[in-house]
Number of protein chains: 4
Amino acid sequence: LSQSHDDLSALLAAPPQPTRRACAPALEEQLYRVNPVLDHGFVRVIDYMGTDEAIVQAARVSYGAGTKQHTGDRGLIRYLMRHRHTSPFEMCAIKLHVKLPIFVARQWIRHRTASVNEVSARYSILEHEFYLPSPTHLAEQSSDNKQGRKEEAISAAQAAEVLALLERDARHTYATYEHLLNDDGSGDPADPARPQLARELARINLSLGMYTEWYWKIDLHNLLHFLSLRLHAHAQYEIRVYAEVIGQLVSAWVPLAWEAFEDYRLGGASFSKQELALLRALVERAGPEAGLGASGLGARERKEFRDKLGL
Amino acid sequence: LSQSHDDLSALLAAPPQPTRRACAPALEEQLYRVNPVLDHGFVRVIDYMGTDEAIVQAARVSYGAGTKQHTGDRGLIRYLMRHRHTSPFEMCAIKLHVKLPIFVARQWIRHRTASVNEVSARYSILEHEFYLPSPTHLAEQSSDNKQGRKEEAISAAQAAEVLALLERDARHTYATYEHLLNDDGSGDPADPARPQLARELARINLSLGMYTEWYWKIDLHNLLHFLSLRLHAHAQYEIRVYAEVIGQLVSAWVPLAWEAFEDYRLGGASFSKQELALLRALVERAGPEAGLGASGLGARERKEFRDKLGL
Amino acid sequence: LSQSHDDLSALLAAPPQPTRRACAPALEEQLYRVNPVLDHGFVRVIDYMGTDEAIVQAARVSYGAGTKQHTGDRGLIRYLMRHRHTSPFEMCAIKLHVKLPIFVARQWIRHRTASVNEVSARYSILEHEFYLPSPTHLAEQSSDNKQGRKEEAISAAQAAEVLALLERDARHTYATYEHLLNDDGSGDPADPARPQLARELARINLSLGMYTEWYWKIDLHNLLHFLSLRLHAHAQYEIRVYAEVIGQLVSAWVPLAWEAFEDYRLGGASFSKQELALLRALVERAGPEAGLGASGLGARERKEFRDKLGL
Amino acid sequence: LSQSHDDLSALLAAPPQPTRRACAPALEEQLYRVNPVLDHGFVRVIDYMGTDEAIVQAARVSYGAGTKQHTGDRGLIRYLMRHRHTSPFEMCAIKLHVKLPIFVARQWIRHRTASVNEVSARYSILEHEFYLPSPTHLAEQSSDNKQGRKEEAISAAQAAEVLALLERDARHTYATYEHLLNDDGSGDPADPARPQLARELARINLSLGMYTEWYWKIDLHNLLHFLSLRLHAHAQYEIRVYAEVIGQLVSAWVPLAWEAFEDYRLGGASFSKQELALLRALVERAGPEAGLGASGLGARERKEFRDKLGL
């Protein structure tokens with residue numbers, strides 16, 4: 001893949017070193033490994049800091065005696081997630097190497113609380129790699145979701161036509177890019193009679209489907225926020241698949257935080273004041289007690305449930 | 001009050017000037033006015049930027065055709081709030097002048113996405129103002145909320161004893177501060193035989209109940225996040241009263257955003273995956289249809305309600 | 001121009017309203033006006049907050065007695081700029097409406113401490129506007145600046161060939177985009193026999209030279225940092241011209257801060273420990289005193305100059 | 001020391017584990033160790049992420065071919081530091097456990113780009129530890145630096161009087177704090193006839209010299225900015241000593257970045273446009289060439305030196 005990739009493969013082969021830092025063994029297994037995404041993209045973990053224990057440790061410093069009522073790390077992490085006590089999750093961080101189409105990169109970068117080093121097409125010549133959707137992901141504009149596509153794909157024949165057009169234009173614009181750069185691969189002109197247009201200018205001709213790559217470092221709190229938005233059904237498919245791969249990496253890294261995130265954020269929902277009034281009326285009609293008994297909620301969460309509904 | 005206060009009073013008396021910027025007439029009324037909080041504190045608006053219309057304008061740029069289905073500004077602002085499309089709310093900002101006890105300032109400053117200019121006790125001599133709670137706000141440590149106090153106050157006699165101790169110590173430590181500064185008010189020594197201890201050292205003796213003041217500028221999105229935490233019943237009373245005053249100012253400034261915030265954030269609640277399963281079972285038992293009809297929810301919100309419960 | 005543009009023209013025509021906020025009359029003149037940049041881009045001011053006086057006001061709160069030795073607002077602002085006391089500059093903010101090519105937007109967005117609402121090509125159909133450099137700005141890759149272009153342009157004949165290629169590809173890829181969207185302008189298919197590909201997919205085919213637009217709000221401190229990088233000779237020409245227009249707007253808005261920025265940041269330079277040793281030796285050989293007398297530096301700055309050189 | 005301290009001592013004794021992450025052996029030696037600061041404070045490293053190599057790796061991704069002209073990691077890191085290419089330094093992070101007086105914490109927290117978990121006196125009872133300066137650090141208000149103290153200490157007899165007052169008040173206010181808490185150490189009242197005042201209220205009586213502690217996580221770029229301000233001669237002594245200890249830890253962690261920071265930031269200086277004109281005149285009078293030859297500057301830096309002076 002990329003030049004930096006080769007160096008990282010050497011890291012993959014290097015023997016482990018001793019450390020006294022907290023380690024996440026399941027994430028160590030993943031370090032430097034390429035997780036393919038889309039047709040040419042990938043995500044891989046370059047470094048990480050902290051574990052579930054780091055979250056607990058930070059919370060216990062802050063809340064001291066207040067954390068003693070939680071039996072064990074799992075209960076405390078669930079409490080923090082439930083009540084949006086977010087600062088302990090900032091104590092963990094991860095650094096990823098990501099290869100992704102430029103239009104995905106443009107969505108991604110809207111999350112500002114992260115550090116980024118991206119390949120610069122002012123310095124470097126981008127490789128000839130562009131995103132072509134698979135036929136099953138080509139769909140018409142959705143009529144009820146103004147920003148998205150329909151669930152059913154267009155027909156195979158229609159898809160073939162679309163892909164032929166996308167591929168044709170991507171090849172043409174890249175050929176023009178190479179023509180303008182006029183570089184024989186060693187820095188010398190391929191055609192000495194023509195100029196070597198500055199890279200920062202030639203790249204204007206490239207399309208949003210071209211791949212770029214970057215290092216991206218983010219803390220766990222902000223990563224979970226990124227994932228909650230980008231795993232959402234309304235997120236564009238092409239960024240959602242990156243979020244899904246990152247979610248798997250997070251579940252290996254901090255399994256207790258991930259479980260709590262799935263239960264309280266991904267799988268949860270918010271209700272307005274008006275909706276709560278409606279729910280209260282409905283629940284009162286049904287009689288909450290039998291249901292609560294079989295719900296599997298602990299005593300503390302049962303009380304919070306009743307409080308939220310004003311029961 | 002403070003020296004800066006005097007200058008600001010001149011602003012209060014100055015005639016209005018013409019501007020072509022968006023204006024919030026109800027907040028103009030509030031500009032520079034002192035809103036008292038606690039025994040010596042206050043909040044006042046020094047400047048602001050944007051109105052409800054600025055939120056709508058920013059959203060319409062982003063979502064274009066996607067915003068047309070919302071009838072009017074109110075519907076769009078409610079949609080943005082409900083779906084946590086937060087960036088349009090960042091387009092408004094407010095600048096406050098706040099006088100507050102140091103222990104409140106220490107909680108307040110944990111909100112990092114704001115700009116602050118605070119009086120420095122390295123440069124200036126702090127005035128002799130310290131916070132004494134009113135007797136009705138003195139209470140014992142709560143047994144179920146590990147960070148808070150009980151709802152019922154201690155007795156009047158007990159309160160009188162507590163206040164006498166707090167006042168005595170505040171007076172003693174301030175007297176020592178003045179003794180160490182040894183400043184006659186003009187910069188010269190009050191007692192030429194003694195040194196004038198550096199201000200940055202003498203202030204070490206002051207207590208957390210002393211008042212400080214600062215200019216605090218924050219965008220509306222981050223301000224609403226601040227308010228959602230600091231208006232919460234578990235927030236300490238002494239910061240909650242500041243949040244309440246600021247909430248009133250926000251409701252004058254951006255009334256549509258404030259109404260949506262009250263309905264979807266302050267008055268709302270989140271439920272976990274497990275709670276949603278329980279709610280679904282209870283609601284199915286009650287039969288949701290009759291309730292939905294009388295709920296006052298619009299068609300779109302009714303659909304979202306059913307979707308969230310998986311009905 | 002854009003749809004939002006039309007609404008803003010109405011604002012341009014609306015009569016001024018009275019405000020008691022601080023006003024910058026020279027910037028009021030600029031409000032909503034289009035300042036053209038490149039071939040289709042622009043910058044215009046939508047809103048602002050604060051003036052030179054707001055910087056001074058915030059500094060006087062922080063530094064109290066420490067600010068009295070500065071004669072007047074200008075001296076204080078220059079002191080703050082010189083010593084990188086940056087927080088008072090955060091008390092001012094500006095909101096711009098910018099139309100810019102996507103490759104410029106990608107550089108711009110690396111400045112994270114700002115608020116952005118950008119046109120979304122998932123919701124909206126982008127207009128047929130792409131950047132074509134003027135012939136005099138087409139140049140070869142620089143040999144000494146690895147990220148830039150040479151100063152001298154390529155020949156007129158060479159430029160004509162480059163521009164023909166860039167224009168041809170931009171027209172082709174946009175035509176394919178329109179073909180894939182298959183929208184007759186009213187939302188219905190132009191060709192009922194073909195699908196209307198989702199907008200989030202069709203836009204993949206667009207090039208980095210296409211124009212986008214956004215609202216961008218930033219405080220003055222972070223704006224000056226942006227300008228110091230983007231006005232630099234090594235910044236790409238196509239973003240530098242935006243920075244130049246913004247710089248003119250800032251000089252109208254906060255003239256004292258802008259003058260200090262020009263003197264201490266834009267026109268200044270940093271020297272390393274080793275360079276300082278060299279400078280000291282050279283200056284000692286020349287004898288600094290005569291030069292200092294004629295330098296126009298005030299007494300305070302003269303002392304700082306000598307201190308920095310260890311004289 | 002603190003309760004968390006005891007848990008961390010267990011970590012100190014635990015055997016190292018294997019990791020494939022980048023390691024900084026000299027910082028591994030420091031992990032969890034207490035570095036005493038002031039009379040009761042400390043700094044210790046809890047975790048870190050990245051090394052000098054991580055900075056280089058991130059820069060090479062961004063600048064690609066542009067980094068090849070730098071011979072080796074050291075040259076590249078110096079180039080990045082010299083030209084304020086800051087994002088590669090964000091790829092490293094460190095997490096510290098710090099015990100510090102509250103008035104120092106109040107200065108420290110002004111650096112917003114960091115993550116913090118602090119002991120909460122709403123949950124926990126603070127220990128009886130307060131800062132008493134050593135006699136040699138007690139000094140009068142400086143007359144030329146409006147925020148600082150003189151260099152020479154007050155006399156031993158004067159210092160003894162000051163310290164006696166500070167200690168007396170700290171003991172009194174803490175005794176009142178304990179009286180108001182009325183806690184026998186097990187949570188029960190020491191005096192059953194009196195209330196147990198809520199912790200969030202009783203702490204108001206504590207002074208700014210009391211010690212608090214926190215976990216503080218920050219990336220290397222922002223840490224170096226913190227250090228450049230807090231190692232400055234005008235920073236208050238009591239925070240400067242923390243910065244000095246952290247500086248030693250950073251030099252063990254990323255020695256190449258630290259060396260560059262010392263040469264270009266700590267040991268360097270900035271000059272204004274006016275000062276540059278003066279320097280140019282002085283240097284021209286001295287004749288720069290002989291000096292440049294003996295300066296030890298490389299060819300590239302020699303060119304930059306001449307460029308900055310306009311020679």
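This report walks through the chain pairings, one helix and several salt bridges of a predicted model.

## Ground rules

Residues are numbered from 1 along each chain as its sequence is written, while chains are lettered from A and ligands numbered from 1 in the order in which they are written. Because the model is predicted, local features need pLDDT of at least 70 and side-chain atom pairs count only at pLDDT 80 or more, whereas totals for chains, interfaces and linings use all residues; side-chain values use heavy atoms, with hydrogens and water left out.

## How chains C and D pair up

Let us start with symmetry. Chain C is superposed on chain D by a rotation of 180° with 0.0 Å of shift along its axis, at an RMSD of 0.0 Å (a least-squares fit on the C-alpha atoms of residues with pLDDT of at least 70 in both copies). The two copies are therefore related as by a two-fold rotation axis. In chain C, C:Ser270 has the C-alpha nearest that axis, 2.0 Å from it. Both copies use the same surface, and 100% of the contact residues of chain C recur in chain D (contact means heavy atoms within 4.5 Å).

The contact takes 39 residues from chain C and 39 residues from chain D. Together the two chains bury about 3600 Å², 58% of it on carbon and sulfur atoms; buried area is the accessible area (1.4 Å probe) that two parts lose on being put together, summed over both. Six salt bridges are found across this interface, a salt bridge being a side-chain nitrogen of Lys or Arg within 4 Å of a carboxyl oxygen of Asp or Glu. In C:Lys273 and D:Asp263, which form a salt bridge, the closest N and O atoms are 3.6 Å apart. There are also 15 residue pairs in polar contact between chain C and chain D, both residues at pLDDT 80 or more (a pair of N or O atoms within 3.5 Å; within protein, one must be able to donate a hydrogen and the other to accept it, and residues adjacent in sequence count only if both atoms are side-chain atoms). Elements giving two or more residues to the chain C side include helix H10 (255-266), strand S9 (269-271) and helix H11 (273-286). H11(C) provides the largest share of that side, 10 residues. Helices (H or I, at least four residues) and strands (E, at least two) are DSSP runs, numbered from the N terminus.

## How chains A and D pair up

Chain A can also be laid on chain D, by a turn of 180° and a shift of 0.0 Å along the axis, with an RMSD of 0.0 Å. Here the C-alpha of chain A nearest the axis belongs to A:Pro18, 2.2 Å from it. Again the same surface serves both copies, with 100% of the contact residues of chain A recurring in chain D.

In this pairing, 56 residues of chain A are in contact with 56 residues of chain D. The two chains bury about 4800 Å² between them, 50% of it on carbon and sulfur atoms. A:Arg20, A:Arg21 and A:Met49 supply 20% of the area that chain A buries against chain D, more than any other three residues. Two salt bridges cross the interface, and A:Arg21 meets D:Glu28 in a salt bridge (3.4 Å, N to O). Polar contacts across this interface come to 32 residue pairs, with both residues at pLDDT 80 or more.

## A helix to look at

In chain D, helix H9 (residues 237-253) has 17 residues, which at 1.5 Å a residue should span 24 Å, and its end C-alpha atoms are indeed 24 Å apart (the expected span is 1.5 Å times one less than the number of residues). Of these 17 residues, 12 are buried, so H9(D) is largely enclosed by the rest of the structure. Among them are D:Tyr237, D:Tyr242 and D:Trp253. Buried means under 20% relative accessible area, exposed over 50%, and partly exposed in between (1.4 Å probe, protein chains only).

## Salt bridges within chains

Over all chains, the structure holds 88 salt bridges. C:Arg82 pairs with C:Glu301, their closest N and O atoms being 3.6 Å apart. C:Arg82 lies in helix H4 (residues 72-82) and C:Glu301 in helix H13 (residues 299-309) of chain C, so the pair ties together parts that are 219 residues apart in sequence. Both C:Arg82 and C:Glu301 are buried.

In chain D, D:Asp263 forms a salt bridge with D:Arg78, with 2.9 Å between the closest N and O atoms. This pair links helix H10 (residues 255-266) to helix H4 (residues 72-82) of chain D, 185 residues apart. D:Asp263 is buried at a relative accessible area of 7%, and D:Arg78 counts as buried at 8%. In addition, A:Arg74, A:Arg78, A:Glu259, A:Asp263 and B:Lys273 are linked in a network of salt bridges.
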